[in-house]
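I opened this entry to record what I looked up, beginning with the surroundings of a single residue and then moving outward to the chain that holds it.

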Amino acid sequence: MKIKFYVNDKLMELDVAEDKRLIDILRYELKLTSLKEGCGEGECGACTIFFNSKLVNSCLILATQIDGAKIYTLEGLAKEAEKIKKAFIKKEAIQCGFCTSGFILKTVDYMKSNSSSKQEDIKKALDGNLCRCGGYYNIIEAIEYAMKKLN
Amino acid sequence: MKLIGKNITRLDSKEKVSGEAKFIDDYPFNGIYGLIIRSSIAHGEIEKIIFDKDFDFSNFVIVSHKDMKNNINEVILKDQPFLSEKVVKFIGEPILIIGHKRKEKLKEAKKHIEIKYREFKPIFSIEDSLKADIKIFGDDNSFKTIISEVGDTKRYFNSNKYKKFKRSYKTGHQEHIYLEPQGFIAFYKDGEIKVKGSMQCPFYVSGAIKSINDEDIEVEPATVGGGFGGKEDYPSIVGAYSYLLAKKAKESAKIIYERSEDISYTTKRHPSFVTYEAVIAKNKIKAIKVKLLLDSGAYASLSPVVLERAITHCLGFYDIENISIEAKAMATNTPPNGAFRGFGAPQVMFAIERFMDDLVKELNISPVEIRKKHLPNKKSLTSTHALIREYKEVQNIFTKAIEFSNFEKKEAKFRVQNRKNKSVKKGIGISLFIHGTGFTGGGEAFLASEVLIELQKNGKVKIKVASVEIGQGAVTILSQRVASVLNLPISMIEFATANTKYNLNSGPTVASRTAMVVGELLESATVKLKKRLVNITHIEFKNKKEYLKAVEAYFKVDDVVEFREKFEQPKDIFWDEENFKGQAYLKYSLGVNVAEVSVDLKTYKPKVDKIYALFDIGLAINPKLAKIQTQGGMMQALGYALMEKIIHKNGRVQNANLSSYLIPMASDVPKMKIEFINTNSSPKGLGELPMNGTAPAIANAISNALGVEFDSLPITPETIMEKLNEN
């Protein structure tokens with residue numbers, strides 16, 4: 001099927017199978033590899049992207065849903081994510097780096113619609129993203145730092 | 001400024017935070033995709049493989065055991081084939097590899113391959129394996145049996161004078177759930193193959209590949225998304241398959257595991273069944289019999305060494321004079337188990353620390369008192385008959401931890417609270433634990449690690465070792481160790497990706513050995529470089545400016561740029577491999593965890609409120625990164641304690657996805673208070689230590705909260721409900 005959609009403000013026109021997943025279109029067709037496949041079932045959050053202003057797991061979106069959508073990956077959010085990236089580096093919130101893109105996008109989304117920089121509130125918002133290396137601590141601290149110091 | 005002991009920002013942050021760092025599945029790829037065809041039965045023989053005549057297999061590449069000169073994947077024993085020729089011993093055992101240019105075609109093709117088996121009766125439990133009516137391995141199904149004696153246990157057990165106390169503890173599988181699944185690409189160009197993938201040990205992979213057709217193939221890791229031991233030996237299999245496909249297809253070949261495949265078929269933490277029987281006199285264990293059983297799965301894999309580490313850790317560093325150990329690694333018709341952070345220690349440290357607390361109830365003393373009674377002294381011996389050299393450090397860390405956590409006051413406070421509060425019970429638990437760093441026994445001598453540094457014309461020093469960055473910060477801390485010797489900023493150090501063609505084999509990235517063993521070798525090699533520079537140029541450089549002058553002067557008259565160092569067994573470390581006696585490890589790291597928990601009696605849900613952790617890892621090369629490692633390790637151990645469980649039914653994993661195999665999330669994170677002590681001594685290992693103490697501390701806390709003995713992991717709400725209903 002033919003689909004027309006925006007990725008990082010660029011218009012894309014593709015002809016793909018109906019059951020092709022958005023994660024595969026983004027990673028293999030469009031070479032946007034910041035988002036990763038950790039589970040293929042929407043549990044780990046490593047493939048998180050913005051889809052019509054909402055955060056979604058791109059592994060769960062099929063071609064039939066993409067036509068007309070406005071999509072942003074980490075590559076297209078350099079400006080919005082700049083402060084958050086700095087906070088992640090400063091607070092050592094990165095270890096293997098596989099979950100990082102997902103957490104950064106989650107943070108962009110959290111900061112858009114939340115004013116609480118309390119660790120308890122941040123923790124709750126992070127439950128859709130898994131991290132196995134760092135134990136979440138430094139990610140939580142990085143987000144707290146980004147909200148308090150860099151906003 | 002000496003960089004060792006400093007909190008410099010980790011060196012790989014920028015490329016990871018921008019999303020530019022390339023994991024294996026991120027590389028541009030043009031070639032064929034591979035899929036493994038696996039056994040659907042747990043035990044039997046392949047009678048026939050039928051390719052459906054009505055399906056077009058002409059564009060498929062098919063690899064079988066026939067494509068290999070040698071089909072044995074020798075990890076320790078020579079029992080496991082790369083691909084099954086006839087016998088299959090677990091559901092999921094690889095039989096064929098199929099490849100096609102279009103990934104979607106692979107699953108379709110799989111439906112058109114029928115394998116006919118003659119089925120044998122399978123073994124799924126340690127108990128059935130011990131019976132040995134059905135034989136999977138040898139005569140008794142044991143991949144390794146170790147019997148060890150220290151002192152004279154018979155004297156105590158044969159006497160009627162003493163009180164005896166016996167308890168058994170059980171732990172299940174744990175899956176690593178590295179966020180990045182297993183994956184490899186064998187790049188094919190002009191008849192040459194180069195293998196790249198997700199791995200901890202590139203030389204293991206190149207060694208495994210070479211053993212197949214005697215070909216020297218260059219192997220290199222991509223950015224690796226977590227390992228935890230799950231990428232120690234297992235990647236040799238995936239790497240070998242990608243190589244075999246590429247060789248046959250004469251095209252690049254890629255294999256990336258799906259999460260369900262990864263959970264179902266890759267190596268896991270060994271389930272354990274540990275029994276202690278102790279003879280007690282005056283609140284002290286006079287003699288102890290330990291029976292230690294591990295479920296190895298269908299092939300030996302790393303089980304013999306996991307068993308060895310379990311034996312060397314099964315009594316912690318407690319002062320016990322008479323020890324009798326019988327340990328076996330048993331075969332079952334399930335996927336082979338392997339390395340997982342801790343490597344046998346988390347299982348037995350759970351058992352011994354629960355045993356100490358269970359003894360507390362029997363003897364009516366406190367968890368603090370019983371451990372104090374058993375703290376080692378200068379005469380105390382380990383279970384392998386060596387002096388506990390760190391006895392002072394053990395006494396010190398335990399005493400400090402009681403104060404640090406305010407254990408005794410809290411215990412009393414919770415007791416009072418629990419009398420009043422009927423809906424939530426609070427508890428506190430402690431664990432004292434150890435981790436021997438580096439390979440067990442003669443292992444480091446066997447590895448004979450070598451490191452190489454290369455002086456560049458611009459003065460930068462390039463590190464060329466086998467250590468792989470898997471998230472733990474290896475690149476950063478090894479660079480810090482080298483920079484410190486020369487008093488240079490970190491920007492003067494380059495870290496070459498661990499490549500089997502260009503780097504030296506400094507050993508695998510495992511066993512908490514990177515900072516300590518590889519780090520020390522690198523320091524020695526750098527001292528050699530410094531000495532040569534100073535001797536030749538007579539410039540005693542103290543900073544970067546002077547160093548660069550020395551380098552300039554050096555290259556005018558000399559051209560030696562490579563500096564190496566090789567591991568030598570320290571003269572004071574004695575090890576007898578045959579009798580399994582002696583100093584089992586170069587050094588031991590120590591820890592104490594205190595966990596505070598609340599258990600909701602309506603939902604039976606346990607919540608960890610706070611963890612106090614004291615660690616003795618000697619000098620932390622980068623204290624900030626070290627702290628993060630401990631947090632991550634303790635969260636992984638929290639998962640092991642409370643929620644991670646592989647459910648098997650007739651040899652098949654039932655919960656092979658992340659919605660039913662649960663790992664900790666952000667909201668599970670407790671308050672943590674972490675401190676490093678004894679930081680003036682030289683670096684010891686850290687990677688695995690945090691895995692060893694958290695589960696027993698939490699289990700002890702829950703047992704304390706509810707007044708019930710928990711003897712298995714994980715302790716889920718269902719476990720708590722059942723236990724409370726029992727009592």
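I listed the contacts (heavy atoms within 4.5 Å) of Phe88(A) beyond its neighbours within four places in sequence, and found Ala93(A), Ile94(A), Thr100(A), Phe103(A), Ile104(A), Thr107(A), Ile139(A), Ala142(A), Ile143(A) and, from the other chain, Val17(B).

I noted that this is a predicted model, in which local features need pLDDT of at least 70 and side-chain atom pairs count only at pLDDT 80 or more, while totals for chains, interfaces and linings use all residues. Residues are numbered from 1 along each chain as its sequence is written, chains are lettered from A and ligands numbered from 1 in the order in which they are written, and side-chain values use heavy atoms, with hydrogens and water left out.

I then looked up the largest nonpolar core (buried Ala, Val, Leu, Ile, Met, Phe, Trp, Tyr and Cys joined through side-chain atoms within 4.5 Å, where buried means under 20% relative accessible area with a 1.4 Å probe, protein chains only). It has 165 residues, and Phe88(A) is among those that touch the most other members, together with Tyr276(B), Ile288(B), Leu292(B), Phe355(B) and Ile702(B). Helix 9 of chain B (residues 345-363) gives the largest share, 11 residues. A second, separate core holds 37 residues, including Ile463(B) and Phe563(B).

For chain A, I recorded 5 helices and 5 strands (DSSP runs, H or I of at least four residues and E of at least two), in the order β-β-α-β-β-β-α-α-α-α from the N terminus. Of its 151 residues, 60% are buried.

Technical notes. Buried means under 20% relative accessible area, exposed over 50%, partly exposed in between (1.4 Å probe, protein chains only).
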